[in-house]
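Hi,

Here is the structure I said I would pass on. Have a look at it first, and then read my notes underneath.

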Amino acid sequence: MAAAPAGTYEKTLSNGMRVIVKEDRRAPTVVHMVWYRVGAMDEVDGTSGVAHVLEHMMFKGTRNHKSGQFNELVAAAGGRDNAFTSLDYTAYYQQVPANRLDQMMALEADRMVNLIVDPKEFSKEIKVVMEERRMRTDDKPQALVHEALMATAFQAHPYRRPIIGWMSDLENMTAADARDWYRNWYAPNNAYVIVIGDVDKDEVFRLAEKNYGKIPRRALPPRKPLGEPEQAGIKRLTVKAPAKLPYLAMAWKVPELRNASKDRDPFALEVLAGVLDGHDAARFAKTLVRGSKIAVSAGAGYDGTVRGEALFFLDGTPAEGRTVAELEQALRAEIERVAKEGVSPEELARVKTQIIAGQVYKRDSMFAQAMEVGGIEAAGLNWQDLDTVIEKLRSVTAEEVQEVARKYFKDDALTVAVLDPQPLPEKTEKKTAATGLRH
Amino acid sequence: MMKRLLIGMICLAAASLAQAQVKIEHWTTPAGARVHFVETRVLPIIDVQIDFAAGSAYDPADKPGLASLTRSLLDAGAGDLDEEKISGRLVDTGARLGGSADDDRASLTLRTLSSKPEREAAVELVRTLLQQPNFPAAVLDREKKRLIAGIKEADTRPASIGSKRFMAAIYPGHPYGYHATVESVGRIERDDLVRFHSAYYTARRASVSIVGDLSRAEAEALAIRLTDGLPEGGEAEPIPEVVLPQREKLRIPHHATQSHIFVGLPAMRRGDPDFFPLLVGNYILGGGGFVSRLTKEVREKRGFAYSVYSHFQPYRRLGPFEIGLQTKREQAEEALKVVDTTLAAFLEKGPTEDELKRAKENLINGFALRIDSNKKILDHVAMIGFYGLPLDYLDRYPKEVAKVTSAQIRDAFSRRIRPENLVTVIVAGS
């Protein structure tokens with residue numbers, strides 16, 4: 001089964017920038033992405049959120065293009081563009097007609113070296129980012145729980161800081177902070193390009209050489225090892241926020257994927273997450289939502305493809321009349337049941353069927369394929385490993401799933417976060433006939 | 001299954017079928033269901049969507065939520081299968097089911113591998129769900145509780161509170177303005193679902209859309225299979241005409257750090273003669289992402305919001321035009337003033353020639369991006385099929401965009417967005 005089949009090619013430019021191309025000729029369009037190997041995990045205390053703020057500033061003008069012109073040129077090309085920042089990486093993309101690839105590369109190459117972080121533009125954009133924080137986190141009780149969960153589960157590792165940044169750090173951030181970040185990390189040897197679409201690989205390599213090849217390589221700051229001391233005891237926390245329903249999130253420290261050929265446990269953990277919550281007939285839906293009806297919803301998740309440290313999450317909302325304590329017991333009991341009784345061949349087959357079908361369905365989206373390539377590269381693995389990952393997932397045995405359920409779900413490695421819902425103040429609506437305002 | 005898949009994947013690597021056109025075939029089944037089909041053989045996938053004229057516009061006035069519950073309980077038990085058998089069979093085929101009810105439509109989507117055993121098992125299952133659902137009382141009871149829990153939670157969130165209040169305010173007395181409440185869901189009984197299904201899930205109210213790796217003959221057989229056991233039924237009865245609201249401003253107190261602001265009114269229907277002027281104009285006003293006037297004024301120039309947009313959602317009847325943003329509550333009035341001024345200027349003067357040129361460049365040059373996956377093609381085909389739009393809608397799209405003039409935009413906006421009918425909802429204002 002080929003997740004990264006024939007049709008994917010790679011070349012490294014002389015400045016160290018890698019170019020990954022996949023020919024997909026279904027429609028005359030292309031997705032072009034530039035991924036930088038720098039994310040929120042590379043920040044330090046006091047300037048949390050700067051990776052994401054710089055991502056915003058990347059649209060605010062270079063020595064060759066005024067603020068906003070990047071978006072205007074992409075729009076005129078018929079394209080869509082955006083960017084995203086994660087704990088591990090910062091990525092920029094455009095989806096355009098295939099004949100506009102050269103222009104998109106020229107624009108990305110320009111802002112890789114010529115960015116201007118203008119203090120006036122910065123002072124407006126930092127407000128936009130604060131609004132983004134209010135929208136994504138401050139007014140969303142479950143997001144507050146996850147922020148607090150990460151900040152508690154990790155005491156040393158930088159995954160403890162939110163990608164969006166603490167509000168106080170945003171309030172005190174300066175244009176110089178963003179500029180320093182850019183100068184430190186935005187270099188061709190810290191980036192890779194992904195191109196998927198109606199293209200010829202040799203032409204893409206030629207365009208990449210032309211646009212990116214002339215940017216000089218730069219020395220990057222040393223990356224220090226970022227070890228989290230071993231957790232020795234359960235951690236519990238509560239977040240109070242106005243809400244109706246309580247919410248529970250649990251996270252265990254588990255291994256991440258480091259070597260796709262040699263590792264076994266990360267694949268067994270991924271299959272375990274699938275057995276618990278991978279599809280409509282999985283255990284949580286069947287047992288907790290439909291069976292005992294203890295939960296309105298219950299989920300399990302594991303992503304081992306990370307540059308930092310991996311967590312295995314369980315979460316859920318108890319049904320009315322049931323408590324988070326009862327739900328916690330029920331979620332733990334599901335893990336214990338796997339540890340004691342294992343999983344059936346039928347359950348294993350179902351998870352694998354979902355994985356295989358998912359691989360086929362993913363091919364309907366060039367964007368999803370580009371994300372897959374970018375994500376595994378960002379974790380320090382290689383796109384060629386995508387084949388191995390699928391092979392390894394298919395080779396996971398019932399015994400291995402049982403073994404990881406026994407091995408990793410100890411209280412000493414667990415953090416439990418609870419949303420304690422607070423009543424909303426009662427207030428009444430006001431109506432005005434809205435005179436005087438003219439349109 | 002895995003071996004067959006492997007073969008499919010190898011074929012894929014060699015395929016080179018860049019296309020910017022979509023050929024839609026159309027026919028009607030013997031029972032009266034309309035079918036729209038696009039054959040595309042590159043990926044070993046078939047996507048199917050069945051839309052019934054059974055959306056929330058058909059909810060009884062005292063039971064909003066019925067259309068949505070009926071749709072979501074199709075897989076709660078059907079034929080001789082209980083919900084565990086249904087979910088098990090679905091998962092074993094690798095297929096994915098989706099869909100929900102919106103104001104006009106109740107939709108069920110199926111994505112399956114095109115290999116015969118998987119496809120046939122998946123289609124057989126969907127056939128049973130559509131034609132023989134039995135809505136078990138115990139499952140209904142549980143799902144009502146889950147839905148009510150969701151409503152209670154949503155009614156604490158400013159975005160949800162504002163959106164429901166906005167729809168109720170712009171559609172006074174019209175079913176587009178109804179929404180499910182704790183009380184209305186509490187009143188819904190099993191008999192209601194049974195009656196709703198037998199009255200509205202009928203062949204002549206159905207539109208079947210098929211995209212993917214199968215022949216016309218196979219698509220014909222598939223459409224018959226999905227619909228031949230449905231009662232024929234009659235034409236869908238018309239949804240009531242929309243009466244435009246009176247201008248008003250509603251303030252809903254809330255503790256949130258951000259105000260959620262909604263401005264709009266009912267404005268455009270599917271197949272509307274003003275569709276293209278409103279589409280192009282809205283791109284300029286607030287639809288065109290980072291380059292729209294609203295984004296420039298509210299976000300780029302002032303840093304007032306992360307997200308600000310304007311949007312037309314055409315329905316069978318006049319669907320909503322909505323401007324939305326979230327901003328720090330202390331500056332809500334100031335941000336709203338910027339929105340009002342921006343809209344007023346656009347209504348008064350329309351777009352500049354330069355703005356019009358740029359909007360056309362994006363919409364025309366980027367047209368291929370709207371149809372570059374089976375999923376995107378399915379969305380368009382289902383919309384064309386359900387609303388009875390011309391089969392050459394997609395071919396005409398870039399040409400119609402090219403014809404739009406700034407005078408047409410100004411004219412269409414001034415007729416459709418009248419200040420005397422504009423409703424403003426502010427949740428968590430200053």
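Strand E9 (residues 295-302) of chain A is a good place to start: E9(A) pairs with E10(A) in the antiparallel sense, over seven bridges. One of the residue pairings there is Ser297(A), whose bridge partner in E10(A) is Thr317(A). Before I go on, please keep in mind that this is a predicted model.

E10(A) itself covers residues 310-318, and seven of its nine residues are buried, so I'd call the strand mostly covered. E10(A) has another partner to look at, strand E8 (residues 247-254) of chain A. Those two run antiparallel and are also joined by seven bridges. If you want a residue to click on, Leu248(A) stands opposite Gly316(A) in E10(A).

Now chain A as a whole. Its secondary structure comes to 15 helices and twelve strands. The radius of gyration is 24 Å, close to the 22 Å that the globule rule gives for 439 residues, so chain A is as compact as a globular protein of that length. For setting up a box, the C-alpha atoms fill roughly 65 × 60 × 45 Å along the principal axes. Of the 439 residues in chain A, 61% are buried. Looking at contacts in chain A with a separation of 6 or more, 81% of them are between residues 24 or more positions apart. The accessible surface of chain A is about 16900 Å², and carbon and sulfur atoms hold 51% of that. On the charge side, chain A carries 61 positive and 63 negative side chains, with the centres of the two sets 2 Å apart.

One residue in chain A that I looked at is Val38(A). It sits in the loop between strand E3 (29-36) and helix H1 (50-57) of chain A. Is Val38(A) buried or exposed? Its relative accessible area is 0%, so Val38(A) is buried. What does Val38(A) touch, once residues up to four places away in sequence are not counted? The list runs to Asp88(A), Tyr89(A), Thr90(A), Trp181(A), Trp185(A), Tyr186(A), Asn190(A) and Arg307(A). As a distance to check in your viewer, the C-alpha atoms of Val38(A) and Asp102(A) are separated by 25 Å, and the two residues are 64 apart along the chain.

On to chain B, which has 16 helices and 13 strands. Its radius of gyration is 23 Å, which agrees with the value near 22 Å that a compact globule of 430 residues would have. Here the C-alpha box is roughly 60 × 55 × 40 Å, again taken along the principal axes. Buried residues account for 59% of the 430 in chain B. Of the chain B contacts with a separation of 6 or more, 82% come from residues 24 or more positions apart. The accessible surface of chain B is about 16100 Å², with 52% belonging to carbon and sulfur atoms. Chain B has 59 positive and 56 negative side chains, and the centres of those two sets lie 3 Å apart.

The strand I'd point you to in chain B is E13(B), residues 423-427, where five of the five residues are buried. Both faces of E13(B) are covered: Val423(B), Val425(B) and Val427(B) are buried on one side, and Thr424(B) and Ile426(B) are buried on the other. Which way do its partners run? Strand E9 (residues 248-252) of chain B pairs with E13(B) in the parallel sense, over five bridges, and Arg251(B) stands opposite Ile426(B) there. Strand E10 (residues 258-268) of chain B runs antiparallel to E13(B), joined to it by five bridges. In that pairing, Val263(B) stands opposite Thr424(B).

Last, a residue that brings the two chains together. Ser87(B) lies in helix H3 (residues 83-93) of chain B. Why does Ser87(B) count as buried? Because its relative accessibility is 6%, and the cut-off for buried is under 20%. Leaving aside neighbours within four places in sequence, Ser87(B) is in contact with Asp280(A), Ala281(A) and Arg290(A).

That's what I have for now. Shout if anything is unclear.

Cheers

Technical notes
Residues numbered from 1 in each chain as written. Chains lettered and ligands numbered in written order. Predicted model: local features only at pLDDT ≥ 70, side-chain atom pairs only at ≥ 80, totals over all residues. Heavy atoms only, no water. Buried < 20%, exposed > 50% of the residue type's maximum accessible area, 1.4 Å probe, protein only. Helix = DSSP H or I, 4+ residues; strand = E, 2+ residues; numbered from the N terminus. Pairing = 2+ DSSP bridges. Rg over C-alpha atoms; globule rule 2.2 N^0.38 Å. Contact = heavy atoms within 4.5 Å. Areas by Shrake-Rupley, 256 points an atom, 1.4 Å probe, with all protein chains shown as cover. Lys, Arg positive; Asp, Glu negative; His and termini not counted. Charge placed at Lys NZ, Arg CZ, Asp CG, Glu CD.
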